[in-house]
Amino acid sequence: MEQYDMQLMLKDGAFADYQVKTEKNSKLYEVYNGESLIASFEDDNQGSFALSDNPGNIDEDLQSRIIEQLKGFSA
């Protein structure tokens, strides 16, 4: 399993740290806040991601911020 650190600026200007976990050659990226899975995103092979699971009930703003960062992880 591959793991990456991600830091996001939230809409209130604060920063939050998250971890991204994925298997090599997988289209699924799991985003964790500490040990808690907050969301899973799937690479659409067209340069973006779609939310596939939202156990952390994250809002659309955080989803879009995470997606923008994930674009840099997929290659």
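**Exercise 1. Lay out the sheet.**
Task: In this predicted model, what is the strand order of the open sheet, and which strands form its edges?

Solution:
- Step 1. The open sheet has 5 strands, in the order E1-E2-E3-E4-E5. Their pairing is antiparallel.
- Step 2. Look for strands that pair on one side only. These are strand E1 (2-9) and strand E5 (49-53), the edge strands.
- Step 3. Add the twist. Neighbouring strands of the sheet are turned by 35° against each other on average, direction ignored.

**Exercise 2. Place the helix.**
Task: Which strands does helix H1 touch, and what angle does its direction make with that of E1?

Solution:
- Step 1. Find helix H1 at residues 60-70. It packs on the sheet.
- Step 2. List the contacts. H1 touches E1, E2, E3, strand E4 (36-43) and E5.
- Step 3. Compare directions. That of H1 makes about 130° with that of E1.

**Exercise 3. Zoom in on one strand pair.**
Task: How many bridges join E2 to E3, and which residue in E3 is the bridge partner of Gln19?

Solution:
- Step 1. Strand E2 covers residues 15-22, and strand E3 covers residues 28-33.
- Step 2. The two run antiparallel and are joined by 3 bridges.
- Step 3. Gln19 has Tyr32 in E3 as its bridge partner.

**Exercise 4. Trace a salt bridge between loops.**
Task: Which parts of the chain does the pair Asp59 and Lys11 tie together?

Solution:
- Step 1. Check the distance. The closest N and O atoms of Asp59 and Lys11 are 3.8 Å apart. The cut-off is within 4 Å, so the pair counts as a salt bridge.
- Step 2. Locate both ends. Asp59 sits in the loop between E5 and H1, and Lys11 in the loop between E1 and E2. The salt bridge therefore ties together parts that are 48 residues apart in sequence.
- Step 3. Check accessibility. Asp59 is partly exposed at 37%. Lys11 is exposed at 62%.

**Exercise 5. Complete the salt-bridge list.**
Task: How many salt bridges does the whole structure hold? What separates Asp61 and Arg65 in helix H1?

Solution:
- Step 1. The search of the whole structure finds 3 salt bridges.
- Step 2. Asp61 pairs with Arg65, with closest N and O atoms 2.7 Å apart. These residues are 4 apart in helix H1, so about one helical turn separates them. Asp61 is partly exposed at 26%, and Arg65 is partly exposed at 25%.
- Step 3. Glu68 pairs with Lys71, with closest N and O atoms 2.9 Å apart. Glu68 is partly exposed at 48%. Lys71 is partly exposed at 33%.

Definitions and conventions
Residues are numbered from 1 along each chain as its sequence is written. This is a predicted model: local features need pLDDT of at least 70, side-chain atom pairs count only at pLDDT 80 or more; totals for chains, interfaces and linings use all residues. Side-chain values use heavy atoms; hydrogens and water are left out. Two strands pair if DSSP finds at least two bridges between them. Axes are lines fitted to C-alpha atoms, for helices over the stretch in contact, and angles run from 0 to 180 degrees between N-to-C directions. Contact means heavy atoms within 4.5 Å. A salt bridge is a side-chain nitrogen of Lys or Arg within 4 Å of a carboxyl oxygen of Asp or Glu. Buried means under 20% relative accessible area, exposed over 50%, partly exposed in between (1.4 Å probe, protein chains only).
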